[in-house]
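Reader: Could we go through this model together, beginning with one residue and then turning to the sheet?

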Amino acid sequence: MTRLWKITKQNIHGEEMSEAGSVLRHGGTIAFPTETVYGLGADARSTEAVQNIFTAKGRPSDNPLIVHIAHRSQIEELAYAPNEAVSRLLDAFWPGPLTVVLPVKPGALSPLVTAGLSTVGLRMPDHPIALQLISAAGCPVAAPSANRSGRPSPTLAEHVREDLEGRIDGIVDGGPTGVGVESTVVEYTVEEGDAGVLHVLRPGGVTAAQLREALPGIEVRESSAHLSEPAAAPRAPGMKYTHYAPRGVMSLVQGTAPEQVLARMQHELDAAGARGERTGALTYSEHAGALRADHVVACGSLGDLETVAHGLYAALREFDEAGVSFIVGEACPEEGIGAAIMNRLRKAAGDRVLLAD
Ligand code: TXA
Ligand code: MG
């Protein structure tokens with residue numbers, strides 16, 4: 001049975017949170033809100049507990065999990081001390097949507113968490129409920145997004161219930177999440193005789209521009225573009241799987257002139273409609289009126305891409321509810337948070353990108 005705790009400012013220090021913390025401490029699986037998406041947590045030291053995450057999600061076990069902590073001092077028990085550059089990132093972005101990959105201390109975590117790597121991704125979420133829950137549990141909490149593997153990540157407790165009700169021990173419902181896309185995953189490497197490079201392994205809530213501003217003089221390499229090239233071994237192992245995908249077949253239309261992009265989208269939608277598909281268009285508030293489909297979803301505003309990040313996963317889930325079998329999405333500019341949005345859209349579309357000019 002999956003228990004449900006509704007948490008607000010009023011009861012965040014109450015009995016419900018101690019109960020949820022105690023379930024985690026005793027090896028249970030609990031979904032909880034963070035500032036990015038809902039996570040599915042378990043005691044990161046216990047292989048039995050972590051195995052239950054993989055089973056509930058149906059997640060391949062070669063994909064390592066992010067470990068969530070409530071205090072920076074917890075790093076010490078799990079990983080070797082961050083160098084100066086990484087420390088500066090923690091000063092700038094913790095708590096917040098940044099995961100840092102560090103060399104793991106042997107024996108500190110279940111080997112299932114790291115999927116056999118010698119490193120671990122650590123993150124301190126910027127959400128009062130997440131921080132309170134991790135503190136109440138009194139252990140490092142391994143937590144991937146709380147969706148069935150391959151589905152869009154959950155930004156509401158309702159999404160978690162759709163995917164995982166009956167498969168996990170509890171859900172802490174803290175309302176909608178904020179950022180809407182997952183944390184940025186980074187790893188700092190120093191190659192011989194070089195000043196060091198910060199690799200962005202997964203674009204997310206902290207933008208490349210923000211990272212550069214925090215690390216003047218250090219190269220920030222956005223490797224995500226290369227990860228889609230089959231020749232390149234993915235550095236964040238999770239990046240190689242189909243992700244965030246609605247049930248219908250999705251493609252993206254990209255181009256520099258909006259009229260041409262919309263025309264190409266409409267052409268694809270009309271052709272699919274004529275074949276008898278139930279069609280969906282994923283667009284932005286500025287363009288929603290210009291498209292005809294069985295289901296048109298405006299996912300935030302192009303004028304403020306943070307609204308798009310916030311609404312993206314709920315929008316993808318909406319197509320499933322509407323029984324849409326064919327989806328055309330409109331690409332957005334890859335600036336700022338747009339890099340993370342386009343990364344998720346490409347994955348949802350299985351890399352089917354049509355160029356409109
Ligand atoms: O915002 C988030 O990060 C959310 C919330 C719940 O905190 N969590 C999340 O976890 O997105 P998950 O498991 O869905 O994604 C973890 C990502 C994957 O791409 C994985 O490959 C990468 O982080 N990762 C984890 N540990 C790693 C490591 N040691 N080295 C490289 N990549 C790692
Ligand atoms: Mg995920």
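Author: The exchange below takes up a glutamate and then the strand pairing.
This is a predicted model, in which local features need pLDDT of at least 70, side-chain atom pairs count only at pLDDT 80 or more, and totals for chains, interfaces and linings use all residues. Residues are numbered from 1 along each chain as its sequence is written, chains are lettered from A and ligands numbered from 1 in the order in which they are written, and side-chain values use heavy atoms, with hydrogens and water left out.

Reader: Where is Glu-330 placed?

Author: Glu-330 lies in strand 15, residues 326-330; strands are DSSP E runs of at least two residues, numbered from the N terminus.

Reader: What does the side chain of Glu-330 join in a polar contact?

Author: The partner is the side chain of His-287, at 2.8 Å. A polar contact is a pair of N or O atoms within 3.5 Å; within protein, one must be able to donate a hydrogen and the other to accept it, and residues adjacent in sequence count only if both atoms are side-chain atoms.

Reader: Turning to the open sheet, what is the order of its strands?

Author: Eleven strands run in the order 1-8-2-3-7-4-6-5-9-10-11, with mixed pairing; two strands pair if DSSP finds at least two bridges between them.

Reader: Which strands stand at the edges?

Author: Strand 1 (3-6) and strand 11 (219-222) do; each has a single partner strand, so one side of each lacks a neighbour in the sheet.

Reader: How do strand 10 and strand 11 pair?

Author: They are parallel, over four bridges, and Val-200 stands opposite Glu-222 in strand 11. Val-200 of strand 10 is also the bridge partner of Val-186.
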